[in-house]
Amino acid sequence: MITLKEALTKSKEELAEIKTEIEKLARESELNAYIGFESSGEGVPILIKDNIQVTDWPVTSGSKILQGYIAPYDATAITNLKKNGMMAFGRANMDEFAMGSTTESSYYGITKNPHDLNRVPGGSSGGSAAAVAGGIAIAALGSDTGGSIRQPAAYCGCVGFKPTYGMVSRYGLAAYASSLDQIGPITQNVEDAAILYDAISGHDPKDSTSAEHERVSIAANLDGNRKLRIAVIDNYIEAASEAIQKAYAETVKALESAGHTIVHKNMQNTKYDIATYYIVATAEAATNLARFDGVRYGRRAEGSNLSELYYNTRSEGFGEEVKRRILLGNFVLSSGYYDAYYLKAQKVRHLIRDEFGAIFDDVDLILSPVAPSVAPIIGSIHDPLDMYKSDMYTIAINLAGLPALSLPVGKDEETGMPIGLQLIGRAFDEQKVFDGAYSLEQTINYKN
Amino acid sequence: MHIDLTVLEKLEKLSHLRIAESKREEVIRQLSEIVSYVENLSELDTTHLDASFSTLEGGTPMREDIPVSDTTAAPSILSHAPMSMDGFFVVPAIIE
Amino acid sequence: MFEIVIGLEVHVQLNTKTKIFCSCPTSFAHEQNTNTCPTCLALPGALPVLNIEAVRKAMSFGYAVNATVNQRSIFNRKSYFYPDSPKAYQISQFDVPIVEHGELFLDLEDDTTKRVGITRAHLEADAGKSIHEGAISKVDLNRADTPLLEIVSDPDMRSADEAVLYLKKLHSIVRYLDISDANMQEGSFRCDVNVSIRPKGQQEFGTRVEIKNINSFKFVKAAIQYEVQRQIEAYEDGYYEQEVYQETRLWDVAKGVTKSMRGKEDSADYRYFPDPDLRPVLVTDEMMEEAKKIPELPDAKVARYVDKLGIKHYDAVVICAQKEMAYYFEAMLESNIAPKTAVTWLTSELLGRLNKAGHDITESPVDAKTLGTLVSKIEDNTISGKGAKDVLDYMMESDSRDIDAIIDELGLAQVSDDSAILAIIDDVIARNQDKVAEYKSGKDKLFGFFVGQTMKASKGSANPAKVNELLKERLG
């Protein structure tokens with residue numbers, strides 16, 4: 001599949017042909033990465049995760065409850081995309097309301113990992129990653145709240161970037177956890193990710209959490225020759241599978257050979273990150289999803305009175321995982337528990353951020369695993385808590401609002417599945433993250 | 001903290017959700033397990049920390065009081081609404 | 001026997017041009033759901049952005065009631081389900097409101113004042129409207145997200161009358177500040193009353209009951225009286241615990257009673273937490289300085305009228321109760337007339353006529369400048385007081401505001417010229433020599449006869465004061 005960089009040099013006619021070809025491949029594909037084939041705008045086609053609003057598209061967030069809803073406006077990220085020679089083409093499958101790590105909770109069927117159709121593509125941006133890695137999309141937009149861009153990118157063997165919180169507008173992104181969500185690029189390589197990130201990022205007055213940070217083009221300043229100090233987290237890697245550990249060790253060697261300095265660090269037990277995340281995210285999600293009531297849009301169930309309408313609409317319209325998180329979210333906010341759970345978790349976020357801060361006083365980037373294993377077999381994770389624990393490496397980054405990029409570094413010999421690692425940077429230090437990733441990518445020279 | 005049937009019922013009310021009879025025990029078990037897990041935070045000393053946290057600096061942006069009419073969202077939403085009439089959203093009567 | 005304790009919560013709809021969290025107009029919409037956008041429709045992905053004017057108005061209110069304006073305040077999500085609340089949470093302020101610890105002063109009947117504390121005032125978003133029609137309800141979100149300022153008083157009031165005085169003063173302040181239309185009937189000034197009773201001398205408060213759905217000051221008084229009676233009866237009958245519990249009751253206008261709203265017991269876990277879509281509200285020192293520049297408020301005006309203009313406290317309170325009346329009065333004074341005279345002509349002559357016609361001062365056909373000019377014509381002796389009344393009557397019915405022309409037309413020009421009056425007086429004396437003799441021999445009462453004859457001979461146009469003065473001269 002042509003890269004984004006190259007596609008942006010093509011003429012209108014050539015792009016039309018490319019799009020036709022992509023659509024053909026996508027429709028024929030058995031990945032179920034695309035759940036819609038709508039088009040909006042003109043330019044290089046970009047696949048859009050189905051929780052990002054595009055005018056006149058039936059944007060479902062992977063849920064039954066939004067059947068019948070037609071978005072009447074473009075998300076700012078889409079508007080920005082269109083200003084930069086790109087268009088929105090196709091809706092990517094996802095875990096329902098972005099709650100999940102495998103895309104198995106989508107109402108619109110599972111998506112398969114292009115490297116092994118028996119395995120999950122990861123989640124929640126599974127459709128986006130599977131399509132890019134599977135050669136049926138040039139590039140895609142995903143969203144990341146606890147790892148939902150980075151982890152599917154790692155499982156599928158492509159590049160995924162989560163910006164510093166606030167660098168990409170959330171206006172038009174169906175909210176899951178407001179203080180954690182970010183839209184980001186999922187691409188074939190690091191440079192494409194920088195190009196797509198440049199296109200969608202920027203301050204937005206419609207989003208009160210949009211950072212006022214000055215924007216500089218990352219792609220234009222991409223420098224793979226920069227020598228950086230990179231931390232490796234020894235106690236983290238110990239908790240990962242052998243395959244991951246092996247890939248990690250090789251990556252460290254590659255970074256050293258590229259001239260970077262490796263520094264050894266340790267971080268606090270990830271169980272606190274997981275606990276903090278599942279308190280904060282579910283609390284915010286419970287209230288963000290309360291608007292789905294069948295009154296103004298979406299699928300309304302039968303109900304003889306208003307109360308019945310609410311209960312039936314939501315009980316029939318939401319899947320199990322979403323319901324679990326809404327119940328949990330209301331629990332941690334409810335009277336009597338708020339202090340012990342929600343407020344406590346918010347306080348712990350200071351600890352998490354300070355811990356990163358202390359490490360970044362000494363280094364430029366942190367190299368970390370993205371997931372404790374390669375992509376699991378479809379249907380193999382039953383217990384919600386086990387699912388949550390698999391987010392162990394990605395969620396602290398969202399809790400601290402930091403930028404992180406996941407890129408493929410190798411393959412597991414045994415399963416043939418790709419392995420990805422992430423580079424984490426200081427807040428608003430996007431350039432270093434991309435530079436470090438670019439350097440690593442060139443050194444490793446991973447082939448899909 | 002143990003989640004039991006009473007707690008589940010209260011949460012269902014707050015969430016406007018009804019868990020199917022056949023699933024209630026399982027959901028209670030799952031929620032209990034998760035809640036027990038997240039209680040690990042009590043192991044951390046947070047007494048000196050601020051309960052408000054943000055990754056962003058500064059106050060909320062404030063916009064000037066200048067009207068802008070959106071003429072596209074409502075007509076579109078109303079035309080696709082589950083039930084609408086004369087420009088109203090229609091729901092079954094609220095029973096007090 | 002019993003002490004009544006009343007606290008008041010007033011929701012004031014701010015008169016900003018746009019909603020609190022989106023730029024939709026707040027102006028009257030002819031069609032339902034036309035002043036809406038993704039944010040107030042609560043579509044997926046929509047986000048709130050705070051209206052600075054709502055913040056300014058809240059701050060002005062804070063300064064007007066001597067409150068603390070918090071430089072940092074927080075918006076919270078307050079969760080509950082209702083079709084007119086599309087996000088199923090209201091964005092409000094909870095533990096860190098923008099205004100706290102204020103006060104206002106009630107003008108009591110005996111010309112004293114009573115201080116009532118204002119606990120807090122905070123910003124929040126209004127809900128839309130549901131119209132009930134039989135088996136269905138129709139939802140209109142035009143009003144959704146209009147800015148509200150919720151003003152909560154300390155439970156300092158001890159009678160229904162005090163409650164009404166508080167509301168009237170608050171209403172007046174809000175209108176002087178021009179932060180709201182504050183129209184109770186239209187819903188831009190909504191009062192919820194909290195009432196409890198306790199045996200006199202008891203320290204603890206009794207159980208507080210909230211009453212909603214009251215849309216006039218008259219009904220505030222009636223609702224409180226009914227509820228107090230209900231609570232006292234329950235106490236005296238020994239059923240206090242069963243009958244009086246913390247709940248919200250609705251005022252039923254038709255029946256004149258408060259009614260329990262069923263099914264509300266455990267619905268109120270609002271699960272407040274800081275709204276992650278907004279950052280803290282931080283107001284700058286400049287904003288605070290600007291917000292302190294508020295117009296002269298009723299209490300200050302009353303004090304100034306009494307001290308500097310020398311009018312009675314009671315009259316000052318009446319005039320300042322409504323800003324339009326105070327502004328009318330001040331505009332009248334620009335004609336350089338005596339304040340006390342202006343008071344009489346405004347509150348007695350003009351208002352008397354307006355009330356008869358069923359009009360408010362804002363609908364007065366005669367403007368302040370004109371009335372002021374009219375009064376000045378009395379003071380410079382152009383016409384008599386009675387003549388002025390005739391002119392006013394004339395202007396109430398017609399469009400002409402040319403006072404001189406009207407005076408001419410009605411022949412009301414008063415004669416104050418000494419020689420003209422003396423001529424008449426001399427004539428009257430000449431024709432009533434017998435009476436003159438009687439007067440000079442001691443019949444003082446006859447003075448009135450000469451006054452009357454002189455006025456009659458002048459067809460009422462003689463300046464009465466002059467007549468008196470000159471008659472005294474002539475008669476000795």
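These are legends for close-up views of a predicted model with chains A, B and C, going from the overall build of chain C to the places where domains and chains touch.

**View 1. Chain C as a whole is a spread-out chain.**
Start with the inventory: chain C holds 16 helices and 17 strands. Its radius of gyration comes out at 30 Å, while the globule rule gives 23 Å for 476 residues, so chain C is more spread out than a compact globule. Along the principal axes, the C-alpha atoms take up a box of roughly 100 × 55 × 50 Å.

**View 2. Chain C is split into three domains.**
According to the domain assignment, domain 1 runs over 2-291, domain 2 over 298-410 and domain 3 over 418-475. Pick out domain 1 and domain 2 of chain C and you'll find their C-alpha centres 37 Å apart. The next two views stay with this pair.

**View 3. Domain 1 of chain C meets domain 2 of chain C.**
On the domain 1 side, nine residues make contact, and on the domain 2 side 13 residues do. Together the two domains of chain C bury about 900 Å², with carbon and sulfur atoms giving 47% of that area. Three residues of domain 1 lose the most area to domain 2: C:D111, C:R175 and C:Y176, which together make up 63% of what the domain 1 side buries.

**View 4. Salt bridges and polar contacts join domain 1 and domain 2 of chain C.**
Two salt bridges are counted between these domains. One salt bridge to look for pairs C:R175 with C:E324, where the closest N and O atoms sit 2.9 Å apart. There are also six residue pairs in polar contact across this interface. As for who supplies the domain 1 side, β7 (99-107) and α2 (160-176) of chain C each bring at least two residues. Of the elements there, α2(C) gives the most, with five residues. Sorted by class, the domain 1 side has five charged residues, three nonpolar and one polar.

**View 5. Chain A has two domains, and domain 1 is written in two segments.**
In the assignment for chain A, domain 1 is 4-226 + 372-444, and domain 2 is 270-344. Taken over C-alpha atoms, the centres of these two domains of chain A are 25 Å apart. Contacts between them involve 26 residues of domain 1 and 26 residues of domain 2.

**View 6. Domain 1 and domain 2 of chain A share an interface with zero salt bridges.**
About 2,500 Å² is buried between the two domains of chain A, and 67% of it is on carbon and sulfur atoms. Within domain 1 of chain A, look for A:I65, A:M99 and A:Y388: these lose the most area to domain 2, together 29% of what the domain 1 side buries. Zero salt bridges turn up across this interface, but 14 residue pairs are in polar contact. Two helices of chain A, α13 (384-389) and α14 (395-400), each supply at least two residues of the domain 1 side. By class, that side has 15 nonpolar, seven polar and four charged residues.

**View 7. Chain B sits against chain A.**
Here 57 residues of chain B are in contact with 64 residues of chain A. The two chains bury about 5,500 Å² between them, carbon and sulfur atoms accounting for 67%. In chain B, the residues that lose the most area to chain A are B:R18, B:Y37 and B:F53, though together they give 14% of what the chain B side buries.

**View 8. Salt bridges and polar contacts link chain B with chain A.**
Three salt bridges are counted between chain B and chain A. One of the pairs meeting in a salt bridge is A:E320 and B:K23, at 3.2 Å from N to O. Add to that 19 residue pairs in polar contact across the interface.

**View 9. Helices and a strand help build the chain B side.**
On chain B, α1 (5-15), α2 (24-38), α3 (73-80) and β3 (88-92) each provide at least two residues that touch chain A. The most come from α2(B), with nine residues. Split by class, the side of chain B that touches chain A has 33 nonpolar, 13 polar and eleven charged residues.

Terms used:
Residues numbered from 1 in each chain as written. Chains lettered and ligands numbered in written order. Predicted model: local features only at pLDDT ≥ 70, side-chain atom pairs only at ≥ 80, totals over all residues. Heavy atoms only, no water. Domains from an automatic or database assignment. Contact = heavy atoms within 4.5 Å. Buried area = accessible area lost by both parts, 1.4 Å probe. Salt bridge = Lys/Arg side-chain N within 4 Å of Asp/Glu carboxyl O. Polar contact = N/O pair within 3.5 Å; in protein donor to acceptor, adjacent residues only side chain to side chain. Helix = DSSP H or I, 4+ residues; strand = E, 2+ residues; numbered from the N terminus. Nonpolar A, V, L, I, M, F, W, Y, C, P; charged D, E, K, R; others polar. Rg over C-alpha atoms; globule rule 2.2 N^0.38 Å.
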